[in-house]
Amino acid sequence: MQLSEQEIIRREKLTKLREMGINPYPAALYPVDATSKSIKEEYVEGKKVVISGRLMSRRIQGKASFAELQDSAGRIQVYFNRDVICPEEDKTKYNEFYKKLLDIGDIIGVEGELFTTQVGEKTVMVNDFSMLSKALRPLPLPKKDAEGNVHDEFNDPELRYRQRYVDLVVNPSVKETFIKRTKITHSIREFYNQKGYLEVETPILQPIPGGAAARPFLTHHNALSMPLYLRIANELYLKRLIVGGFDGVYEFSKDFRNEGMDRTHNPEFTVMELYVAYKDYNWMMDTTEQLLEKVAIDANGSSKVTVGKNEIEFKAPYARIPILEAIKIHTGVDVAGMDEVELRETAKKLGLEVDETMGIGKLIDEIFGEKCEHHYIQPTFIIDYPKEMSPLTKEHRTNPALTERFELMVNGKELANAYSELNDPIDQRERFEEQLRLSEKGDDEAMFIDQDFLRALEYGMPPTSGIGIGIDRLVMLLTNNSSIQEVLFFPQMRPEKKQLELSEEEKTILDLLKSNGQMALADLKNKAGLSGKKWDKSMKALSKHDLLKVEVVGDSKTVHLTS
């Protein structure tokens, strides 16, 4: 492993600390009794406190120094004075330990007293401090130059998602997103718990991946010598519990779908599913309006939320539009009653790519998704889906070609999917068999036949309504994030490319280009300050690795980064 100059220096300091008898990674409890937030909110001049945190900045002025500690609640200023920390003749703890062996990013503990500086800053006067964890890598902290320009920000998405631990330390707004995510899930739990519904857990490893139309992940259980699937939904297990006598159950489930990745899809995602006996989809629409209004207020203090350029109002009621009517509104085509051939031709005329494996359900879904979905910015229930699109949904009570299903659209994307649940075991078996025919036709997202679920229905399931709400997408909406990666602590990433080992001269050139953007070749060479030999060698290596490019326009040459 090749270490940078900073990493080598920090390891040398680590050795010196140990030589001084200081354990850089002590095991003993550290008696923290305050946080940066509690100090500021409950400030008492002269109060003794014990705090801990990461050293984020410091200004050493001889025998005194101001520094900032960052803990889980924020930052607090601390003041180090050599004669307070070292009242005896031996000043080693300040002169050597504090000034020379501590680095930005180190985690330390501080015992001290509160005081207010002349400029009104609430501060901790340090009486003593302890090393709690030595940081061997420097943090990528942003810096401001004399003109106020910010450099070295840790804002590259690839690095931020891979190194979320660093992202959380140096970008405070990221931490706020995940704190708000927890508030959102707590709010949902509170809403359902007050209604007496039971939070449950169902299997992640399943012999049949049921409850949704999606491509599953397949694994193998060695002891049982059988294939298993990571669940694509928890619906069928929750409905088994309704059969078993529970009136209302819900689960925050991790689901897995072996499909594409983009700004709104991650192969591992979180869904909240709820099933309540003796209810229908009309009741579920009313309940969902109440829930989301409450959650928005709990998360942001208002039912109105800004998402990009749009202001979204989560206050009830929401519009309710049949899906076939929505297609007619936005395409001018009435697809009601069309057979598969007619739908496929209609989709082609609308400029959509379709194939022979797509049945009526998928064709309608494709038309709506491409031509209609993006129009629904404000919360809108799209209702009454054709039966072919909804194999687990009860037939519509006034139109046997439709089902009692809705999807909730917000900001042009699906947020929730809900039904009056199909509880007729004979009808359900026929729907599953139709899915099997689609599978044989080549549809790799068609549902499996779950014989045990059918057996459960044959024992009798009461009239039930169920809903699945995409938690990741809900958090995106309520935190104004356009990418799902921003609301997942550790989103799925492509394999990390092997990091190039760059020389200090090569790093100097790249840093100049990152700070200044495109530069004239002569200016870059001048600012780099390298000898002719080192300059030629570095530029040749950077060009070889496709990290920069030199362009010739007329008599001038410019250099820019390739990505």
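In strand β23, T558 is the residue that faces A520. This pairing is a good entry point to the predicted model described here, in which local features need pLDDT of at least 70, side-chain atom pairs count only at pLDDT 80 or more, and totals for chains, interfaces and linings use all residues. Residues are numbered from 1 along each chain as its sequence is written, and side-chain values use heavy atoms, with hydrogens and water left out.

A520 belongs to β21 (residues 519–520), which is joined to β23 (residues 556–561) in the antiparallel sense by 2 bridges. Two strands are said to pair if DSSP finds at least two bridges between them. On β23 there is also an antiparallel pairing with β22 (residues 548–553), this one over 6 bridges, and here K549 stands opposite H560. With 2 residues between them, β22 and β23 make a hairpin, and G554 in its turn has a positive phi of about 65°.

Stepping back, the protein chain holds 18 helices and 23 strands; these are DSSP runs numbered from the N terminus, helices being H or I of at least four residues and strands E of at least two. The C-alpha trace spans about 90 × 70 × 55 Å along its principal axes. Of the 563 residues, 46% are buried, meaning under 20% relative accessible area with a 1.4 Å probe, protein chains only.

Five of the strands close into a barrel, in the order β1-β2-β3-β5-β4 and with mixed pairing. Neighbouring strands in this sheet are turned against each other by 55° on average, direction ignored. Within the barrel, β4 (residues 107–116) and β5 (residues 122–133) are antiparallel and share 10 bridges; G109 has S130 of β5 opposite.

An open sheet of 8 strands, also with mixed pairing, runs β8-β12-β13-β20-β19-β18-β17-β16. Its edges are β8 (198–199) and β16 (319–322); each has a single partner strand, so one side of each is left without a neighbour in the sheet. The partner of β8 is β12 (residues 248–256), to which 2 bridges join it in parallel, with L198 bridged to V249. Helix α7 (residues 172–194) packs on this sheet and touches β8, β12, β13 (268–277) and β20 (464–470), its direction making about 150° with that of β12. Contact here means heavy atoms within 4.5 Å, while axes are lines fitted to C-alpha atoms, for helices over the stretch in contact, with angles from 0 to 180 degrees between N-to-C directions.

Technical notes
Buried means under 20% relative accessible area, exposed over 50%, partly exposed in between (1.4 Å probe, protein chains only).
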